Amino acid sequence: MSTTTQQSPSRRMTPKSMAVWGAVALVGAVCWTVLALSRGEEVSALWILFAALASYAIAYRFYARFIAYRVLGVDDRRATPAERLHNGADFDVTDRRVLFGHHFAAIAGAGPLVGPVLAAQMGYLPGTIWIIVGVIFAGAVQDMVVLFFSMRRDGKSLGQMVREEIGVVGGIAALIAVFAIMIIILAVLALVVVNALAESPWGVFSISLTIPIALFMGYYLRYLRPGRVMEVTAIGVALLLLAIIGGGYVEEMGLSEALTLSPEKLTLGLVLYGFVASILPVWMLLTPRDYLSTFMKIGVIVLLAIGLVISAPVLENQAVTDFALEGTGPVFAGKLFPFVFITIACGALSGFHALISSGTTPKMVAKESQVRMIGYGGMLMESFVAISALIAASVIDQGLYFAINSPAGVTGGEPGTAAEFVRSLGFTISPADLTAAAESIQEESLISRTGGAPTLAFGISLIFSSAFGSGLAAFWYHFAIMFEALFILTAVDAGTRVGRFMLQDTIGNFWPKYGDISWKPASWSASAIVVGMWGYMLYVGVTDPLGGINQLFPLFGISNQLLAAIALTLCVTLLFKHGKAKWAWVPGVALAWDLIVTMTASYQKVFSDDPKIGYFTQRSTYQAALDNGELLAPATDTSQMQQIITNSTVNGVLQALFALLTLVVVVNAVVIWVRAWRSGGLPTTEVPAEPSHLVAPSDFFATAEEKRAVREWEASQGDLVGDRR
Amino acid sequence: MRSTLARAGSGLRWYLKQATGEAKWDEYLDHCQRHGHEPMTRKEFERQRADRRENDPQSRCC
């Protein structure tokens with residue numbers, strides 16, 4: 001049961017802070033008004049940027065604080081697991097700002113970049129609203145509340161908490177769901193990379209070189225100068241930039257033929273790479289590449305924010321396109337509701353974060369009150385990345401946007417046919433302009449380069465060229481591709497390894513020997529199974545005549561949001577069990593909305609009569625045609641017909657399975673809610689309180705009072721504090 | 001008095017050392033000195049940290 005809750009440090013607001021927050025609110029209100037009223041005129045992207053920043057600031061100052069002190073009852077007199085169980089390894093008291101960086105690096109990836117780019121087909125406004133409102137009331141709430149509850153349970157994982165707090169049935173369903181969803185996420189991320197690198201010798205050249213660069217860094221850290229991470233990262237980044245520049249000369253080096261790879265070949269390459277990378281020792285490849293990708297990630301995000309402010313681009317996108325209302329968009333099928341809300345998963349609400357918030361991060365938190373800046377603040381930062389990506393996709397000419405993002409089956413892959421297709425959508429771009437756009441970034445073609453990465457990279461190169469001087473468009477494009485591919489590959493490595501551990505752990509329950517992570521036959525076979533699963537889904541996506549992104553991205557988005565539903569269900573359950581039913585609406589609002597969206601989307605993907613949306617209708621339409629000996633576009637032969645039939649069956653079954661597993665968890669939880677509600681609370685696995693002896697500030701910036709407290713404490717501790725600044 | 005720039009510089013250096021885990025080695029040396037232990041070599045120390053990472057995979061999100 002909860003102990004006495006700490007009083008919120010709620011000094012009454014001073015006149016000065018009232019004035020400051022009044023001004024922030026005013027900026028936000030003006031930006032939102034401009035966005036709401038502007039139609040068909042030139043709208044600057046900065047309105048979106050500042051609407052977001054002002055909204056985040058207010059949400060963080062007021063809502064997150066309310067959740068921390070009133071709903072959760074964070075208590076800094078209580079020792080965190082990092083303090084109690086300190087072992088210098090996984091349990092380790094970490095400076096809040098450093099942990100914020102670690103946590104952000106772990107949650108941010110390709111998701112918040114890709115989703116908003118695809119959702120831009122419905123206009124910039126739906127995406128903007130969902131990213132900002134979603135993060136404030138759902139995504140950041142989930143991350144923070146899960147982090148808090150896991151911290152109160154010594155860093156237990158999401159699956160463990162569901163099993164112990166909700167029930168065995170729910171626990172098993174959650175475990176299967178987490179594993180299956182991870183496979184889909186890995187497959188879709190890998191698909192984004194394949195689509196970005198296919199037929200792009202420059203891209204393949206630069207990305208391939210990251211492997212020897214990372215191996216060199218690993219060797220350096222292991223044998224030459226152990227532990228000098230900063231130094232080796234600087235060397236690695238320099239080599240990385242050389243690799244990007246070098247890619248511009250593949251033609252001159254006579255490599256362009258050899259490096260122009262088909263999507264199928266790239267898939268094979270990625271699968272082999274994924275297998276090898278996941279069984280190599282982490283110091284060789286994974287750890288050093290993680291340094292590189294983290295550095296690139298932070299670097300590009302900072303550059304993009306600066307670039308946006310300097311160049312202040314005008315949005316080319318409409319506020320709301322017709323596709324939002326009619327559901328006939330070529331990038332992905334379906335109407336604004338529910339599909340915008342599942343296409344933009346990361347950046348607004350991402351279930352995957354619950355796995356990070358319950359695991360590594362909670363074991364490193366120094367003081368309970370810091371869950372606000374780390375959980376809520378970290379997610380706001382990710383949301384900001386999503387907003388930047390949405391802007392980057394919305395400053396591109398709309399004709400070009402649709403030429404890049406429509407599947408090859410409809411654009412025909414040639415400038416002439418693509419221009420014609422774009423015209424049929426109601427936009428204009430000439431074949432010459434399509435060719436010129438590709439030439440400007442030294443790519444063979446931009447037509448049907450789906451997956452979001454090429455679009456984003458093109459948008460980033462436009463923004464950077466306008467902010468930092470023209471002439472480097474091709475370099476910036478490939479720089480952006482590198483940045484995305486790099487951390488997708490890191491996610492694939494790490495994800496495969498996590499999947500392997502999960503699989504070994506699960507099988508180890510029945511066959512203990514298999515659970516031994518150092519037993520090679522087990523680790524190799526488990527890796528092979530995991531890679532085989534996402535590799536199969538990747539192959540399904542790559543070869544799908546209907547377009548892999550078009551077919552798989554909804555599955556990815558829905559599964560991520562379903563994972564969020566499981567996490568939010570756990571949050572609601574725990575509030576009930578802790579006797580805080582009156583606050584259950586805080587994660588409850590997010591859960592209700594998430595369930596409405598995901599269940600509607602799942603229902604449509606499974607049962608819709610429209611073959612563009614419903615997987616099974618798609619299956620039966622193509623099956624009927626095949627039985628009659630007909631071919632349905634875009635299939636060009638019977639084997640493609642067969643492929644569409646198989647793929648839609650696989651996708652449909654998975655979709656139905658994910659939704660069912662989530663419902664099992666929710667139903668199991670509702671039983672607990674009712675029981676806890678009746679008895680005013682139930683015992684939980686929360687670890688009993690122990691007094692804390694640490695002193696550390698709560699927020700990004702320490703108050704004068706906190707600084708004084710830290711100084712006094714450090715003086716009283718003498719030498720024991722260790723090396724602090 | 002240190003200038004603001006120098007303060008920012010040393011703050012950044014401190015942050016990077018902490019974030020990359022390089023500070024762990026300094027903390028360890030400190031610890032050994034306080035308790036009068038003979039410290040192991042940096043190579044051994046870093047190897048131990050790497051081995052721990054081997055069995056504790058960190059998920060990277062999408």
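These exercises, each with a worked solution, work through a predicted model of a complex.

**Exercise 1. Confidence**

State what ipTM and pTM the predictor gives the complex, and find where in chain B confidence is lowest and where it is highest.

Solution.
- Step 1. For the complex, the predictor reports a pTM of 0.95 and an ipTM of 0.94.
- Step 2. The average pLDDT of chain B is 88, and 97% of its residues score at least 70.
- Step 3. Within chain B, helix H1 (residues 4–20) has the highest confidence, at 93, and helix H3 (residues 42–54) the lowest, at a mean of 90.

**Exercise 2. The form of chain B**

Determine whether chain B is a compact globule or more spread out.

Solution.
- Step 1. List the elements: chain B contains three helices and zero strands, in the order α-α-α from the N terminus.
- Step 2. Compare the radius of gyration with the globule rule. The rule gives 11 Å for 62 residues, and chain B has 16 Å, well over that value, so chain B is more spread out than a compact globule.
- Step 3. Add the spans: the C-alpha trace of chain B covers about 45 × 45 × 15 Å along its principal axes.
- Step 4. Add the burial: of the 62 residues in chain B, 16% are buried.

**Exercise 3. The contact between the chains**

Work out how many residues each chain brings to the contact, and which helix of chain B gives the most.

Solution.
- Step 1. Chain A contributes 42 residues and chain B contributes 29 residues.
- Step 2. On the side of chain B that touches chain A, H1, H2 (23–35) and H3 of chain B each supply at least two residues.
- Step 3. H3(B) gives the most to that side, with seven residues.
- Step 4. Sorted by class, the side of chain B that touches chain A holds 13 charged, 10 nonpolar and six polar residues.

**Exercise 4. Helix H7 of chain A**

Show on which side or sides of H7(A) its buried residues lie, and name the helices they pack against.

Solution.
- Step 1. H7 of chain A covers residues 158–165, and its buried residues are A:Leu158, A:Gly159, A:Met161, A:Val162 and A:Glu165.
- Step 2. These residues cover an arc of only 165 degrees around the axis, which means that they sit on the same side of H7(A).
- Step 3. Their packing partners in chain A are helices H6 (124–151), H8 (168–197), H16 (352–357), H25 (548–577) and H28 (638–679).
- Step 4. After H7(A) comes A:Gly167, with a positive phi near 155 degrees.

**Exercise 5. Backbone angles in chain A**

Locate the cis peptide bonds that precede A:Pro338 and A:Pro634, then place A:Asp154 and A:Glu199 and classify their burial.

Solution.
- Step 1. The bond from A:Phe337 to A:Pro338 is cis, with omega near 5 degrees; A:Pro338 belongs to helix H15 (residues 336–343) of chain A.
- Step 2. The bond from A:Ala633 to A:Pro634 is also cis, with omega near 0 degrees, but A:Pro634 is in the loop between H27 (615–627) and H28 of chain A.
- Step 3. A:Asp154 is not a glycine, yet its phi is positive, near 55 degrees. This residue sits in the loop between H6 and H7 of chain A. A:Asp154 counts as partly exposed because it has 17 C-beta neighbours inside 10 Å.
- Step 4. A:Glu199, likewise not a glycine, has a positive phi of about 55 degrees. The residue is in the loop between H8 and H9 (201–224) of chain A. With 17 other C-beta atoms within 10 Å, A:Glu199 is partly exposed.

**Exercise 6. A:Arg96 and the largest nonpolar core**

Decide whether A:Arg96 is buried or exposed, and find which residues of the largest nonpolar core touch the most other members.

Solution.
- Step 1. A:Arg96 lies in helix H4 (residues 96–107) of chain A. The cut-off for a buried residue is 20 or more other C-beta atoms within 10 Å; A:Arg96 has 23, so A:Arg96 is buried.
- Step 2. Apart from neighbours within four places in sequence, A:Arg96 contacts A:Ala366, A:Gln370, A:Met373, A:Ile374 and A:Ala696.
- Step 3. The largest nonpolar core has 242 residues, of which A:Ala187, A:Leu189 and A:Ala190 touch the most other members. H8(A) supplies the largest share of this core, 21 residues.
- Step 4. Beyond four places in sequence, A:Leu189 is in contact with A:Ala110, A:Ile488, A:Ala491, A:Val492 and, from chain B, B:Cys62.

Conventions. Residues are numbered from 1 along each chain as its sequence is written. Chains are lettered from A and ligands numbered from 1 in the order in which they are written. This is a predicted model: local features need pLDDT of at least 70, side-chain atom pairs count only at pLDDT 80 or more; totals for chains, interfaces and linings use all residues. A residue is buried if 20 or more other C-beta atoms lie within 10 Å of its own, exposed if 12 or fewer, and partly exposed in between; C-beta atoms are placed from the backbone. Helices (H or I, at least four residues) and strands (E, at least two) are DSSP runs, numbered from the N terminus. The arc is that of the directions from the helix axis to the C-beta atoms. Two residues are in contact if their C-beta atoms, placed from the backbone, lie within 7 Å. pLDDT is the predictor's confidence in each residue, from 0 to 100. Ala, Val, Leu, Ile, Met, Phe, Trp, Tyr, Cys and Pro count as nonpolar, Asp, Glu, Lys and Arg as charged, and the others, Gly among them, as polar. A nonpolar core is a set of buried Ala, Val, Leu, Ile, Met, Phe, Trp, Tyr and Cys residues joined through C-beta atoms within 7 Å. The radius of gyration is taken over C-alpha atoms; the globule rule is 2.2 Å times the number of residues to the power 0.38.
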